[in-house]
Amino acid sequence: SSSAFIPPPTPVPRLSNSMANQAQISKKRKFVADGVFYAELNEFLQRTLAEDGYAGVEVRVTPIRTEIIIRATRTREVLGEK
């Protein structure tokens, strides 16, 4: 009787605990870094645009671009228009 050779099943690589923890740490680190960036940007804009009616900032990150939306009560002054 001729039988074809069937290789033993290859073990599926599993994430070790240390690798999973590493991914978790980098996620936390990114989250903190994003928060620090927002806080520093907000502080800078508050100092720079205080007299122009600065009301806040919003950071939108998409795969294509990062949008920074500046909210202000006096838009013309912020944009530098006369």
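## Strand pairing

Strands E1 (residues 54-61) and E2 (residues 66-72) run antiparallel and are joined by 7 bridges. The two strands form a hairpin, with 4 residues between them. Within this pairing, Gly-56 has Arg-71 of E2 as its bridge partner. The model described here is a predicted one.

## Overall architecture

The protein chain contains 2 helices and 2 strands. Read along the sequence, these elements follow the pattern α-β-β-α.

Of the 82 residues in the protein chain, 11% count as buried. The accessible surface of the chain comes to about 7600 Å², and carbon and sulfur atoms account for 59% of this surface. Among contacts with a separation of 6 or more, 12% are made by residues 24 or more positions apart.

## The nonpolar core

The largest nonpolar core has 5 residues in all: Leu-41, Leu-45, Leu-49, Tyr-54 and Val-57. Helix H1 (17-49) and strand E1 each supply at least two residues of this core. The largest contribution comes from H1, with 3 residues.

Tyr-54, a member of this core, has a set of contacts beyond its neighbours up to four places away in sequence. These contacts are Asn-42, Leu-45, Gln-46, Leu-49, Ile-70, Arg-71 and Ala-72. Two of the residues touched by Tyr-54, Leu-45 and Leu-49, also belong to the core.

## The loop between H1 and E1

Asp-52 is located in the loop between H1 and E1. The residue is classed as buried because its relative accessible area is 15%, and the cut-off for a buried residue is under 20%. Leaving out residues up to four places away in sequence, Asp-52 touches Ala-72, Thr-73, Arg-74, Glu-77 and Val-78. Asp-52 and Ala-72 are 20 residues apart in sequence, and their C-alpha atoms are 7.3 Å apart in space.

Gly-53 is found in the loop between H1 and E1 as well. With a relative accessible area of 13%, Gly-53 is buried. Neighbours within four places in sequence aside, Gly-53 is in contact with Arg-71, Ala-72, Thr-73 and Arg-74. The C-alpha atoms of Gly-53 and Thr-73 are 4.8 Å apart, although the two residues are 20 residues apart in sequence. Ala-72, Thr-73 and Arg-74 thus appear among the contacts of Asp-52 and among those of Gly-53.

## A nonpolar patch on the surface

Phe-37, Ile-68 and Ile-70 form a nonpolar patch on the surface. Together, these three residues have about 260 Å² of accessible area. Ile-70 of this patch is also one of the residues touched by Tyr-54.

Ile-68 lies in strand E2. Its relative accessible area is 41%, so Ile-68 counts as partly exposed.

## Salt bridges

Side chains of opposite charge can pair when their charged atoms come close. In the whole structure, 7 salt bridges are found. One of them joins the side chains of Lys-30 and Asp-34, at 3.0 Å from N to O. Both Lys-30 and Asp-34 lie in helix H1, where they are 4 residues apart, about one turn of the helix. Asp-34 counts as partly exposed, at 41% relative accessibility.

A network of salt bridges links Glu-58, Arg-60, Arg-65, Glu-67 and Arg-71. Within this group, Arg-60 forms a salt bridge with Glu-58, and the closest N and O atoms are 2.9 Å apart. Arg-60 is partly exposed at 40% relative accessibility, and Glu-58 is partly exposed with a relative accessible area of 23%. Arg-65 forms a salt bridge with Glu-67, the closest N and O atoms lying 3.1 Å apart. Glu-67 counts as partly exposed, at 27% relative accessibility. Arg-71 belongs to this network, serves as the bridge partner of Gly-56 in the strand pairing, and is in contact with Gly-53 and Tyr-54.

Note on methods. Residues numbered from 1 in each chain as written. Predicted model: local features only at pLDDT ≥ 70, side-chain atom pairs only at ≥ 80, totals over all residues. Heavy atoms only, no water. Pairing = 2+ DSSP bridges. Core = buried A, V, L, I, M, F, W, Y, C linked by side-chain atoms within 4.5 Å. Buried < 20%, exposed > 50% of the residue type's maximum accessible area, 1.4 Å probe, protein only. Contact = heavy atoms within 4.5 Å. Patch = residues over 30% accessible without salt bridge, like charges linked within 9 Å, V, L, I, M, F, W, Y side chains within 5 Å. Areas by Shrake-Rupley, 256 points an atom, 1.4 Å probe, with all protein chains shown as cover. Salt bridge = Lys/Arg side-chain N within 4 Å of Asp/Glu carboxyl O.
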